Amino acid sequence: MIDTESVACESCTAPAPGVLDASDAASRAWPRIDIETNTFKAAFPLFTQHPDIAFLDSAATAQRPACVLEAQKHFYETMNANPLRGLYSLSVEATEAIAKVRAQIAGLIGAVDEAGKPRANEIVFTRNTSESLNIVASSFAPTVLEPGDEVAISIMEHHSNLIPWQRACRAAGAKLVYLYPTKTGELTDAEIAEKIGPRTKIVACTQVSNVLGCRVPVEKLAAAVHARGGYLVVDAAQSVPHMPVDVRELSADFLAFSAHKALGPMGVGVLWGRLELLEAMPPFLTGGEMIDSVTEQDAVWAPVPEKFEAGTQDAAGIYATGAALDYLVNQVGYDTVQAREQALVHYAMSRMVELPYVDIIGSIYWDRHHGVISFNVRGVHPHDVASILDMQGVCIRAGHHCAQPLLTWLGVENLACCRASLAFYNDKHDVDAFIDGLETVYRTFN
């Protein structure tokens, strides 16, 4: 059931609160894709081991296809050596393998020169999106922020793109300004114009909210901050796994994402930044491999990107990340990913609005949810919902989703909600199991 009193109007396409037709919300522009037939699960060993699981937590971490697991194994079995540190053949082969993945990622996100050649040296490997964003806030922000300046972020940010800016502003004497969307996640032109002003030096925003599932108008934010001589930082953790991302089209200055949300291994992240900005920044961590030379009292940093990659990197994980992105983009394809996920979200929401005890958080329109549906079951704590669903073989996320300021602003009870996040490898059976589980939850407590 839709709580019409708490749903804001969405531009000119949505009816006013109080006259909302849930059936219309769930059925407009229905994506007619076959979600009952599923040829993808066979490529994922976890689903082979657990064929009865309905995994609806891909926004937290995606499952890995066999080719990714094999790639990681292949690295250790055939070229296990530290990249960049040896002149023997194993080390050279490992170095070349990592360089190839670096160029692959640059090409994937549009970090290319005028001739279309990937600018591989703009790709920095980290542990995750959190570390990538911390590098920008800790190493880049101090080079541009002055007392009285402003950093603008949205209230929808994951803590990884919020807490680093709190610290950066505190250190610089700058002000942290929040952009507030409608209750359905729409950042209006008026809000952007009001919050991004002459003192705004940095705008940091997610491209897709991990709670509301909505897509943020990154391009408009870029135009607004660049008009004032500022910089745009994009958290693409929830977008790269689901849609094409091009740093040129976004007019971004920095962009970050994690491999594990895009079918890759845990412990590998990516930071892209414009070369001139990366070169002007001091390193985030110091130690081995990130230096050109060292004396007793001083050191000269290695060139970008090695300057930001202190110590031994997860070479096998990086190599497997290349396999994951190749599978996602070239074997499955973003067109297929988006078509299946849109159809799955549509079907899930059309079933959820039939349950009078379920309140969807955010937009009631399925096409505003990019794989993510947050909700609550009335009278039942989200942790209990997740626990009972787990007994039914359904995996969802319950809690604050590392977005406490957003849930506070939305007025979500207990600062917690449930989240079902879908991926292309899900199917109708998974959604049906989810709906059946919600019915069990309600019966259990009523």
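Which side chains does a polar contact of 2.9 Å join? In this predicted model, the partners are threonine 184 and threonine 182, whose side chains make that contact. Threonine 184 belongs to the loop between strand 4 and helix 7 (189–195), and, with a relative accessible area of 4%, this residue is buried.

**The seven-stranded sheet**

Strand 4 also takes part in an open sheet of seven strands, arranged in the order 2-8-7-6-5-3-4 with mixed pairing. Strand 2 and strand 4 (175–179) occupy the edges, where each has a single partner strand, so one side of each lacks a neighbour in the sheet. From one strand to the next, the twist averages 20°. Strands of a sheet pair through backbone hydrogen bonds, in either the parallel or the antiparallel sense. The pairings at the two edges are set out below.

| Strand pair | Sense | Bridges | Residues standing opposite |
|---|---|---|---|
| Strand 2 (residues 123–126) and strand 8 (residues 269–273) | antiparallel | four | phenylalanine 125 and valine 270 |
| Strand 3 (residues 150–154) and strand 4 | parallel | five | alanine 152 and valine 177 |

In strand 2, Ile123 and Phe125 point one way whereas Val124 and Thr126 point the other way, and all of them are buried.

**Helices across the sheet**

Helix 5 lies across strand 2, strand 5 (200–206), strand 6 (231–235), strand 7 (254–258) and strand 8, and runs at about 160° to strand 7. Helix 6 (residues 163–172) lies across strand 3, strand 4, strand 5 and strand 6, running at about 145° to strand 4.

The length of helix 5 can be checked against its residue count: at 1.5 Å a residue, the 16 residues (129–144) should span 22 Å, and the end C-alpha atoms are indeed 22 Å apart, which agrees. At the N-terminal end of helix 5, asparagine 128 acts as a cap, with a side-chain oxygen 3.3 Å from the backbone nitrogen of serine 130. The buried residues of helix 5 include Leu133, Val136, Ala137, Phe140, Ala141 and Val144. An α-helix has 3.6 residues a turn, so residues three or four places apart point the same way.

Two of these buried helix 5 residues, Phe140 and Val144, reappear among the contacts of tyrosine 231, a residue of strand 6. Leaving aside neighbours within four places in sequence, tyrosine 231 is also in contact with Lys201, Ile202, Val203, Val225, His226, Asp253, Arg274 and Leu277. The C-alpha atoms of tyrosine 231 and isoleucine 192 are separated by 15 Å, the two residues being 39 residues apart along the chain.

**A buried arginine beside strand 2**

Arginine 102, which lies in helix 4 (residues 89–108), counts as buried because its relative accessibility is 9%, the cut-off for buried being under 20%. A polar atom of the side chain of arginine 102 lies 2.7 Å from the backbone oxygen of isoleucine 123. Beyond the neighbours within four places in sequence, arginine 102 is in contact with Ala120, Ile123, Val124, Phe125, Pro305 and Glu309. One of these, proline 305, is placed in the loop between strand 10 (299–301) and helix 11, and the peptide bond leading to proline 305 from valine 304 is cis, with omega near 5°.

**Nonpolar cores**

The largest nonpolar core has 109 residues, and those with the most contacts inside it are Trp165, Leu221, Leu232, Phe424 and Tyr425. Helix 11 (residues 315–332) supplies the largest share of this core, ten residues. Apart from it lies another core, of 35 residues, among them Val345, Leu389, Ile435 and Val441. Within the largest core, leucine 232 touches, among other residues more than four places away in sequence, Val203, Cys205, Val218, Leu221, Leu250 and Phe254.

**Unusual backbone geometry**

Most residues other than glycine have a negative phi, and most peptide bonds are trans. Asparagine 414 has a positive phi of about 65° although it is not a glycine, and leucine 415 likewise has a positive phi, of about 50°. Asparagine 414 is found in the loop between helix 14 (404–410) and strand 15 (417–421), and leucine 415 is found in the loop between helix 14 and strand 15. Leucine 415 is partly exposed, with a relative accessible area of 33%.

How values were computed. Residues are numbered from 1 along each chain as its sequence is written. This is a predicted model: local features need pLDDT of at least 70, side-chain atom pairs count only at pLDDT 80 or more; totals for chains, interfaces and linings use all residues. Side-chain values use heavy atoms; hydrogens and water are left out. The expected span of a helix is 1.5 Å times one less than its number of residues. Buried means under 20% relative accessible area, exposed over 50%, partly exposed in between (1.4 Å probe, protein chains only). A polar contact is a pair of N or O atoms within 3.5 Å; within protein, one must be able to donate a hydrogen and the other to accept it, and residues adjacent in sequence count only if both atoms are side-chain atoms. Contact means heavy atoms within 4.5 Å. A nonpolar core is a set of buried Ala, Val, Leu, Ile, Met, Phe, Trp, Tyr and Cys residues joined through side-chain atoms within 4.5 Å. Two strands pair if DSSP finds at least two bridges between them. Axes are lines fitted to C-alpha atoms, for helices over the stretch in contact, and angles run from 0 to 180 degrees between N-to-C directions.
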